[in-house]
Amino acid sequence: MATYTFGQHVIKSSVVFFRSRLSFAFVNRKPVVPGHVLVSPLRPVERFHDMTCDEVADLFQSTQTVSKVIESAFKASSMSIAMQDGPDAGQTVWHVHVHILPRKPGDFQKNDDIYDEVEHHDHVNFDSSESNSWRLEDELIKEASMLRKLFPAHHTTDIDLTQSL
């Protein structure tokens, strides 16, 4: 099974549901809201300013494409789209990534509370005892499989990432 590098972590292709030429999207192990997914450049790059112009364009085009489908699939009325760029902004995974969060009326008491939740979410150490609150791998695979069907032009099963992009 192919894997993707995500900063200091490895993401199995079974939880990836979208891939463009330079980006990929995957389900979240500990979503803040149902449908919370991540979009990241394929090339491991820590900071937004270190991305190439092509990577920036592809990342944001992919984010737009994915967010449209996620909003519909999770019956949301709005979207929060966020990026933490650098440690003082709350980034804990050293790979650029965009959070896509489908929103519904009243999902948070104060609308901007979602950003506090995203910050706390990113501070959970993948190897910590808090990992027991993560969704099971079977649940992640099931959600990714469902979402993958919504992106037939971006099929990702068993992509060989050892090939030149």
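Student: Which word fits Lys75, buried or exposed?

Tutor: Buried means under 20% relative accessible area, exposed over 50%, and partly exposed in between (1.4 Å probe, protein chains only). Lys75 has 68% relative accessibility, so it counts as exposed. Please keep in mind that this is a predicted model, where local features need pLDDT of at least 70 and side-chain atom pairs count only at pLDDT 80 or more, while totals for chains, interfaces and linings use all residues. Residues are numbered from 1 along each chain as its sequence is written, and side-chain values use heavy atoms, without hydrogens and water.

Student: Where is Lys75 found, and what is its phi near?

Tutor: Helices (H or I, at least four residues) and strands (E, at least two) are DSSP runs, numbered from the N terminus. Lys75 belongs to the loop between helix 1 (53–73) and strand 6 (78–82). Most residues other than glycine have a negative phi. Lys75, though not a glycine, has a positive phi, near 50°.

Student: How many helices and strands does the protein chain have?

Tutor: There are 3 helices and 7 strands. Starting at the N terminus, their order is β-β-β-β-β-α-β-β-α-α. Of the 165 residues in the protein chain, 44% are buried.

Student: How many residues of strand 4 are buried?

Tutor: Strand 4 (residues 23–27) is mostly covered, with 5 of its 5 residues buried. In a regular strand the side chains alternate between the two faces of the sheet. Here Ser23, Ala25 and Val27 point one way, whereas Phe24 and Phe26 point the other way.

Student: Over how many bridges does strand 3 pair with strand 4?

Tutor: Two strands pair if DSSP finds at least two bridges between them. Strand 3 (residues 16–19) is antiparallel to strand 4, with 3 bridges. Phe18 has Ala25 as its bridge partner in strand 4. These two strands, strand 3 and strand 4, make a hairpin with 3 residues between them.

Student: Which residue of strand 5 stands opposite Phe24?

Tutor: That residue is Ser40. Strand 4 and strand 5 (residues 37–41) run antiparallel and are joined by 5 bridges.

Student: Where is the place of Asp112, and is Asp112 buried or exposed?

Tutor: Asp112 sits in the loop between strand 7 (98–103) and helix 2 (113–122). Its relative accessible area is 53%, so Asp112 is exposed.
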